[in-house]
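Let's take a walk through this structure together, one stop at a time. Have a look at the picture below, and then we'll begin.

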Amino acid sequence: MVRPEVHKIAAFTGHYDAVYAMTGGPGSAVYSSGADGLVVGWDAADPARDGEVLARVENSVYALRHLPGLNWLVLGHNFQGLQAIDLAQKTLVCAAALPPVAIFEIVVSESRQRLYAGLADGTLAVLTLPDLRLEKLLRVAQGKSLRCLALHEGRAELAVGSSDAFTRILDLDSLALKYELGESTNSVFAVAYSPDGGTLLTAGRDAQIRAWDVAAGYALAQTVGAHMYTINNLAFSPDGRYLASCSLDKSIKIWDAADRTLLRVLDRARAAGHGTSVNRLVWPGAENRLVSCSDDRSLAVWQVG
């Protein structure tokens with residue numbers, strides 16, 4: 001693959017503390033939150049526009065998820081449970097109490113109208129939509145946080161990455177354990193299925209990206225020494241060509257999604273990147289724009305290709 005040109009086209013500022021959580025929304029919308037408890041909406045297609053504060057909560061937010069069918073934004077308000085904001089009305093529409101711990105990840109199955117949340121006490125919470133009714137709490141990891149989740153709707157599977165260094169594949173309906181992937185050497189902070197569903201990628205504190213062959217029973221297919229320090233997030237571009245990774249080492253890397261060949265490194269020295277840990281990545285819209293967020297309290301917008 002030809003190496004794409006990548007340019008930083010904007011920085012979004014306004015948060016007062018580290019930005020941990022992001023999710024894409026309708027069109028080119030991006031929503032962010034973090035240690036300051038502010039939930040802010042941005043437009044990646046109009047970087048000159050100021051962000052809009054949608055909510056202010058008292059604790060940190062590590063998890064955000066847009067629900068397209070309802071046009072809701074669900075936030076994991078640490079120690080306070082889940083809250084849903086109607087983006088059209090800009091109002092809180094419902095909330096759900098969960099165990100009083102941090103909420104690290106939220107994913108949604110549209111086909112099953114279920115929301116899944118990974119909690120710091122090792123519990124997976126399953127809630128129904130649209131009422132956010134708690135359906136089940138399942139202890140997946142003993143004494144270790146559930147840090148990341150990814151859905152494979154076609155196989156009805158849920159990948160769960162944990163601080164005990166395991167990635168577990170659960171049946172999406174019964175939540176029965178189907179596979180347990182134990183080759184990681186430290187906490188798993190990121191899981192992502194390829195757009196075609198054929199590969200699961202995992203990454204985390206050991207700074208390696210591992211590729212697992214889904215059809216072959218999640219056999220380990222490749223290990224890539226990807227970053228110097230912890231990998232915080234992985235995200236595929238909408239067209240399926242690129243994989244982006246971000247890290248505690250302050251860098252973002254762009255890879256060929258098919259074979260994980262490194263294409264670009266975006267850091268402060270080479271690309272006016274972030275000055276501290278890069279925590280989350282989102283590809284909003286269809287223009288191959290990538291948005292990153294960081295402990296440096298900012299979001300950056302990148303044009304890829």
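Glu180 is partly exposed, with a relative accessible area of 44% (buried means under 20%, exposed over 50%, and partly exposed in between, using a 1.4 Å probe and protein chains only). Before going on, keep in mind that this is a predicted model, where local features need pLDDT of at least 70 and side-chain atom pairs count only at pLDDT 80 or more, while totals for chains, interfaces and linings use all residues. Residues are numbered from 1 along each chain as its sequence is written, and side-chain values use heavy atoms, with hydrogens and water left out.

Back to Glu180: its side chain meets that of Arg168 in a salt bridge, at 3.2 Å from N to O. (A salt bridge here is a side-chain nitrogen of Lys or Arg within 4 Å of a carboxyl oxygen of Asp or Glu.) This pair ties together distant parts of the chain, with Glu180 in strand E17 and Arg168 in strand E16, twelve residues apart. Strands, labelled E, are DSSP runs of at least two residues, and helices, H or I, are runs of at least four, numbered from the N terminus. Unlike a partly exposed residue, Arg168 counts as buried, at 9% relative accessibility.

Which sheet do these strands belong to? An open one of four strands, in the order E14-E15-E16-E17, paired antiparallel. (Two strands pair if DSSP finds at least two bridges between them.) Strand E14 (146-152) and strand E17 (177-181) sit at the edges with a single partner strand each, so one side of each has no neighbour in the sheet. From one strand to the next, the twist averages 20°; the axes behind such angles are lines fitted to C-alpha atoms, for helices over the stretch in contact, and angles run from 0 to 180 degrees between N-to-C directions. Inside the sheet, strand E15 (residues 157-162) and strand E16 (residues 167-171) run antiparallel and are joined by five bridges. Arg168 turns up again here, as the bridge partner of Val160.

Another salt bridge starts just along the chain: Asp173 and Arg112 have their closest N and O atoms 2.6 Å apart. Asp173 is in the loop between E16 and E17, and Arg112 is in the loop between strand E10 (103-109) and strand E11 (114-119), putting the two 61 residues apart. Asp173 counts as exposed at 52% relative accessibility, while Arg112 is partly exposed at 24%. A search of the whole structure finds 16 salt bridges. One of them joins Arg49 to Asp46, with the closest N and O atoms 3.4 Å apart.

Now for a strand that's tucked away. In strand E3 (residues 29-34), six of the six residues are buried, so the strand is largely enclosed by the rest of the structure. In a regular strand the side chains alternate between the two faces of the sheet. Here Ala29, Tyr31 and Ser33 point one way, and Val30, Ser32 and Gly34 the other. E3 has antiparallel company: five bridges join it to strand E2 (residues 19-24), and four bridges join it to strand E4 (residues 38-43). E2 and E3 make a hairpin with four residues between them, where Gly27 in the turn has a positive phi of about 60°. The hairpin of E3 and E4 has three residues between its strands, and Gly37 in that turn has a positive phi of about 75°.

Where do the early strand E1 and the late strand E28 meet? They're joined by six bridges, E1 running antiparallel to strand E28 (residues 299-304). Both belong to an open, antiparallel sheet of four strands in the order E1-E28-E27-E26. At its edges stand strand E1 (6-12) and strand E26 (278-282), each with a single partner strand, so each has one side without a neighbour in the sheet.

Our last stop is the surface. Met228, Tyr229 and Leu248 form a nonpolar patch with about 350 Å² of accessible area together. Patches like this are made of residues with over 30% relative accessible area and no salt bridge, with like charges joined within 9 Å and nonpolar side chains (Val, Leu, Ile, Met, Phe, Trp, Tyr) within 5 Å. The areas come from the Shrake-Rupley method with a 1.4 Å probe, and for residues, only the protein chains shown count as cover. Met228 is in the loop between strand E21 (219-225) and strand E22 (231-236), and is exposed, with a relative accessible area of 64%. E22, by contrast, is mostly covered, as six of its six residues are buried.
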